[in-house]
Amino acid sequence: MSTGQDVQLDELDARLLTLLAEEPRIGVLECSRRLGVARGTVQARLDKLVDRGVIGGFGPDISPAAIGFGVTSFVTLEISQRHGHDPVTAHLAAIPEVLEAHTITGSSDLLCRIVARSNTDLQRVIDQIVSSEGIRRASTIIALAEQIPYRTLPLVRSAARGA
């Protein structure tokens, strides 16, 4: 899988990715019809985009709020350098409410996006997170409203224009 640094997108890639993002249940044959290219071309492009890591999956986009997890927050963690990242990462991966975690620069070591059912439940999740002996300190910010949802299509379009 590519690191993404050498991946180039052209206009057809951008149109295909846009179509798949807007209509995730569309089939290859319908994609080829709408894009005006052969079915084999669409399949080959899809295969290349998957192989290069541009497309990471075809699963449903699940809304945590719609399944009862209406509180989103971001937590920065300072970890014990003696323990390192691996034990903390394994601990976080075992907590379902931890949606993602990234190593970061600055005064903290990790940034996590977490969800909870309520503010009271958020305390339970944070307590579970900081129960690892590898975590020295946590700082939490509660998201009040999502202004721009996670998106990649503007980036895809920009990358295709730059190709």
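How much space lies in the largest pocket? The answer is about 2000 Å³. Keep in mind as we walk through that this is a predicted model.

Let's stay with that pocket for a moment. Its lining is made up of 47 residues, and those nearest the centre are Asp61, Arg113, Tyr150, Arg151 and Thr152. If you sort the lining by residue class, you get 31 nonpolar, 9 polar and 7 charged residues. Several elements take part: helix 1 (11-22) and helix 6 (153-162) each supply at least two residues, and so do strand 1 (71-79), strand 2 (98-103), strand 3 (110-116) and strand 4 (135-143). Helix 6 gives the most, with 4 residues.

Arginine 151, one of the residues nearest the pocket centre, is a good place to look next. You will find arginine 151 in the loop between strand 4 and helix 6. Is arginine 151 buried or exposed? Its relative accessibility is 53%, and exposed means over 50%, so arginine 151 counts as exposed. In sequence, arginine 151 and alanine 21 are 130 residues apart, yet their C-alpha atoms are 9.8 Å apart in space.

Now move to strand 1, where isoleucine 79 has its place. Here the accessibility tells another story: isoleucine 79 has a relative accessibility of 1%, and because buried means under 20%, this residue counts as buried. Isoleucine 79 and serine 132 are separated by 53 residues in sequence, while 9.4 Å lies between their C-alpha atoms.

Glycine 59 offers a further stop, in the loop between helix 3 (39-51) and strand 1. With a relative accessible area of 55%, glycine 59 is exposed. Glycine 59 and phenylalanine 74 are 15 residues apart in sequence, and from C-alpha to C-alpha they are 24 Å apart in space.

Next, a record can be set beside the model. UniProt, in an unreviewed entry, lists residues 9-70 as "domain: HTH asnC-type". In the model, the chain over residues 9-70 is 53% helix and 0% strand. The C-alpha atoms at the two ends of this stretch are 36 Å apart.

Finally, consider the rings. A pair of aromatic rings is described by the distance of the centres and the angle of the planes. How many aromatic pairs does a search of the whole structure find? It finds 0. There is, however, a contact between a charge and a ring to inspect: the charged end of arginine 117 sits over the ring of phenylalanine 69, at 4.2 Å from the ring centre.

Technical notes:
Residues numbered from 1 in each chain as written. Predicted model: local features only at pLDDT ≥ 70, side-chain atom pairs only at ≥ 80, totals over all residues. Heavy atoms only, no water. Phe/Tyr/Trp six-rings, centres within 6.5 Å; stacked < 30°, edge-to-face > 60°. Lys NZ or Arg CZ within 6 Å of the ring centre and 35° of its normal. 1 Å grid on protein atoms, 1.4 Å probe; cavity = no way out; pocket = protein on both sides within 12 Å on 5 of 7 lines; lining within 4 Å. Points joined across faces, edges and corners; volume = space filled by probe spheres on them. Nonpolar A, V, L, I, M, F, W, Y, C, P; charged D, E, K, R; others polar. UniProt positions renumbered as here; feature names shortened; annotations may be inferred. Buried < 20%, exposed > 50% of the residue type's maximum accessible area, 1.4 Å probe, protein only.
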